[in-house]
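Q: Hi! I've got a structure open here and would like to talk through how it is put together. Can you help me?

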Amino acid sequence: NNADHLKKADQQYYFHPTTPLKLQQQSGPGLIIKEGQGINVTDVQEDVYIDGVSSLWNVNIGYGRQEMAEAAKQQILNLSYSSSFFNNSNDKVIQLSEKLAELTPGDLNVSFFTSGGSESNETAFKMVRHYWKLKGNPERTKIIALDLSYHGVTMGATSATGVREFDSMITSSAPGFLHAKPYLTDCEKGDTSHLDYETSIRGIVEKEGPETIAAVILEPVQGVGGINIPPEGYLKAVRELCDEHGIFMITDEVICGFGRTGKMFGVDNWEIVPDVMTVAKGITSGYMQLGAVLLKTDLRDELAEMSEDVFFHGFTYSGHPTACAVALKNLEIIEKEDLVGNAKRMGAELHKGLKYLEEKHKVTAKARTIGLLGAIELFADRENENGFDPSLHAAQQVVEECLNRNLLLRPLAFGGINAVALAPPLIVNKKDIETIIERLSEAIKAFENKAF
Ligand code: PLP
């Protein structure tokens, strides 16, 4: 039958991204999805699953929206593609740039477009290095990122990434990327007596010399690294540290952007404005491939002022009109349906649900949420914070038990933690959250029965 054929053809012909290749070759894909509607997806066996992580934290408005299909169709008929190289432009990329300027905080009013998060970060790194070169400081190239950060998989982005497993893919990183320990707020404020001072961003800036540091990049809330929410005052301290030394602050809003955290952007939770912001995923809710680098007008003006030459950086699909039309419709839906507000309200329900799981199950602790981005951790002995033996793949097992109960979640098992991540589409209601929590609870119970 068709499902069997697809499985065999997948094993034979498809090289999956971020997948254990041997497992896929031997057992075939875990799930072959063919439809999506609202918060649900359907596989080729006709089983329906709640997508509790919005696929890759990106399907913010849910699946199968008629208006999105219409926007894409109309744009393809009007102007399917056009380049904005060599000073050309198109109506949709201009409208989207204008819309983003309205939505972003402060004076982040100029957009450069890419096809995704990695390309956006790569572009941001090149832009800040280009700036310092034009400024007469070509040695000012170093970029400080955080341990457990995730910034993508192109060479610069993977070198910035602080989840160490991604390093194992490459024999050498791009030069000039350094990693600091996250969330050492006191150190960033200047407490040099702190034991970890040398590993803080400030400690590294001091050791390397601020005149060598081009930028700091961080996610407002770390996603892949474990849904790590910064303590109060951290982002502000980093903002002030960057200001002190004229270092660019880049925030990676690829997951946080467009409502995920209950605010339009992650940084809006702490009211700081970076110099450069990178976005992707939620900008189109995954309906088309699109990313962007949003920068302060002053920065663009200075770049223009310093050189009349071509800025030799651009992708064929920079400013793709169909992707931009789809993004515009997506942003219209987010605003019209107040999905940012819904993320905040339903985020509170998700938080309650995860706290309930902590009470109910002895293996769960450290529930955390910000808007509709959350996680819960698994411990063999939570009183002493002892994790499970890594060979048990605890988070993976719980997620597999969720799959058996028609719920898709994501294990996060980096940096010694076993966490289960939740990031449902921003259209969820209270009943949906209850169903997600019920199924997750049953899955944890099944895991507990096996583990003890
Ligand atoms: N930055 C963050 C915070 C991400 O979570 C991701 C992807 O998960 C990326 C960058 C890379 O984006 P892309 O996969 O679109 O290249």
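Q: How far apart do the C-alpha centres of domain 1 and domain 2 lie?
A: In this predicted model, those two centres are 27 Å apart.

Q: Thanks! And which residues belong to which domain?
A: The domain assignment puts 31-61 + 338-451 in domain 1 and 67-336 in domain 2.

Q: How many residues does each one bring to the contact?
A: Domain 1 brings 26 residues to the contact, and domain 2 brings 26 residues.

Q: On the side of domain 1 that touches domain 2, which element gives the most?
A: That's helix 13, with five residues. Helix 13 spans 339-360, and other elements that supply at least two residues each include helix 3 (54-57), strand 11 (364-370) and strand 15 (419-422).

Q: What does that side look like by class?
A: There are 17 nonpolar residues on the side of domain 1 that touches domain 2, along with seven polar and two charged ones.

Q: Switching topic: how many residues are in the largest nonpolar core?
A: The largest nonpolar core has 126 residues. Among those with the most contacts inside it are Val128, Val238, Val398 and Leu409. Helix 12, residues 321-336, gives the most to this core, with nine residues.

Q: Where does this core lie relative to the two domains, and why?
A: It lies between them, because domain 1 and domain 2 both give residues to this core.

Q: One last thing: leaving aside neighbours within four places in sequence, what is Val398 in contact with?
A: Val398 is in contact with Leu378, Val420, Ala443, Ile444 and Phe447, once those sequence neighbours are set aside.

Technical notes
Residues are numbered from 1 along each chain as its sequence is written. This is a predicted model: local features need pLDDT of at least 70, side-chain atom pairs count only at pLDDT 80 or more; totals for chains, interfaces and linings use all residues. Domain bounds come from an automatic or database domain assignment. Two residues are in contact if their C-beta atoms, placed from the backbone, lie within 7 Å. Helices (H or I, at least four residues) and strands (E, at least two) are DSSP runs, numbered from the N terminus. Ala, Val, Leu, Ile, Met, Phe, Trp, Tyr, Cys and Pro count as nonpolar, Asp, Glu, Lys and Arg as charged, and the others, Gly among them, as polar. A nonpolar core is a set of buried Ala, Val, Leu, Ile, Met, Phe, Trp, Tyr and Cys residues joined through C-beta atoms within 7 Å. A residue is buried if 20 or more other C-beta atoms lie within 10 Å of its own, exposed if 12 or fewer, and partly exposed in between; C-beta atoms are placed from the backbone.
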